[in-house]
Amino acid sequence: MTAAAPKTVLTGCLAPIDRNGLEQLIVNGKANPKVIKTLKCKTVAEGKFRHANYIRNLAPYIVDEPPGLLGDDTAPNPSEASLAALGSCLAVGLHANAVHRGWTVNKLELELEGDLNITAVWGTGDVSEKPVGFTDVRVKVDMECEGVPKCEIDALVDHVKKWSPVANTFTRPVNLEVSAS
């Protein structure tokens, strides 16, 4: 009989990240600050408004629409997925920066909501002049770190918002090229 692999047990704080690995990423980033990494995704329509998104060698990430937008409600819609990406990016930054500061994170939860006008129906409905996409996004961070006052957590939230790749994608123009192959 083989011994069972030890399990990670959570004891009131987030599962730890590899601090040495984090410090090495910091060193590498400072040594070569102009490195650009290209990320890839292949999106395949499966039927109706359900799509499988293939990223690296992971299982497909499914995106669908709710019944009110003629989907089958099997997964988040594209706008919800973008909120999830934003929340996850901010959470990664908060956790990494807390560990870098030597803080113990006991709780990290983000609530996101965004407002958008959907009357254009992907360019088939009311196409009068109006903002398309999110006009407002609100994120509430609930973070508790042992012995860290709220003012320091607030400063960390501001710092992470400034350096989050996804938050920056939401807040600044991005060059986007879409073409038929």
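In which loop does Leu70 lie? In this predicted model, Leu70 is placed in the loop between strand 3 (61-63) and helix 2. With a relative accessibility of 61%, Leu70 counts as exposed, because the threshold for that class is over 50%. Leu70 also takes part in a nonpolar surface patch of about 390 Å², together with Phe49, Val121 and Trp122.

**The nonpolar core**

The largest nonpolar core comprises 15 residues, of which Leu94, Trp103, Met143, Cys145 and Leu156 touch the most other members. Two or more residues of this core are given by each of helix 2 (78-100), strand 4 (105-117), strand 5 (133-145) and helix 3 (150-163). Helix 2 supplies the largest share, 4 residues.

The surroundings of Leu94 can be listed in detail. When neighbours within four places in sequence are left aside, Leu94 is in contact with Leu108, Leu110, Val141, Met143, Leu156, Val157 and Val160. Two of these partners, Met143 and Leu156, are themselves named among the core residues that touch the most other members.

**Asn97 in helix 2**

Helix 2 also holds a polar residue, Asn97. Is Asn97 buried or exposed? Its relative accessible area is 18%, so Asn97 is buried, the limit for that class being under 20%. The side chain of Asn97 reaches the backbone oxygen of Gly93 at 2.8 Å. Not counting residues up to four places away in sequence, Asn97 touches Leu156, His159 and Val160. Leu156 and Val160 also appear among the contacts of Leu94.

**Salt bridges**

Side chains of opposite charge can pair when their charged atoms come close. The count for this model comes to 8 salt bridges, and the table gives three of them, including their N to O distances.

| Salt bridge | Distance, N to O |
|---|---|
| Arg19 and Glu23 | 3.7 Å |
| Arg138 and Glu113 | 2.8 Å |
| Asp126 and Lys130 | 2.7 Å |

How many residues apart are Arg19 and Glu23 in helix 1? They are 4 residues apart in helix 1 (residues 19-31), and therefore about one helical turn separates them. Arg19 counts as partly exposed at 38% relative accessibility, and Glu23 is likewise partly exposed, at 26%.

The side chains of Arg138 and Glu113 meet in a salt bridge at 2.8 Å. This pair links distant parts of the chain, since Arg138 belongs to strand 5 and Glu113 to strand 4, 25 residues apart. Arg138 is partly exposed, with a relative accessible area of 34%; Glu113 is also partly exposed, with 45%. Both residues belong to a network of salt bridges that includes Asp115. Strand 4 and strand 5, which carry this pair, are also among the elements that give two or more residues to the largest nonpolar core.

In the salt bridge between Asp126 and Lys130, the two partners fall into separate accessibility classes. Asp126 is partly exposed, having a relative accessible area of 38%, whereas Lys130 counts as buried at 18% relative accessibility. The assignment of Lys130 follows because buried means under 20% relative accessible area.

Methods: Residues are numbered from 1 along each chain as its sequence is written. This is a predicted model: local features need pLDDT of at least 70, side-chain atom pairs count only at pLDDT 80 or more; totals for chains, interfaces and linings use all residues. Side-chain values use heavy atoms; hydrogens and water are left out. A nonpolar core is a set of buried Ala, Val, Leu, Ile, Met, Phe, Trp, Tyr and Cys residues joined through side-chain atoms within 4.5 Å. Buried means under 20% relative accessible area, exposed over 50%, partly exposed in between (1.4 Å probe, protein chains only). Contact means heavy atoms within 4.5 Å. Patches are made of residues with over 30% relative accessible area and no salt bridge: like charges are joined within 9 Å, nonpolar side chains (Val, Leu, Ile, Met, Phe, Trp, Tyr) within 5 Å. Accessible areas come from the Shrake-Rupley method with a 1.4 Å probe; for residues, only the protein chains shown count as cover. A salt bridge is a side-chain nitrogen of Lys or Arg within 4 Å of a carboxyl oxygen of Asp or Glu. A polar contact is a pair of N or O atoms within 3.5 Å; within protein, one must be able to donate a hydrogen and the other to accept it, and residues adjacent in sequence count only if both atoms are side-chain atoms.
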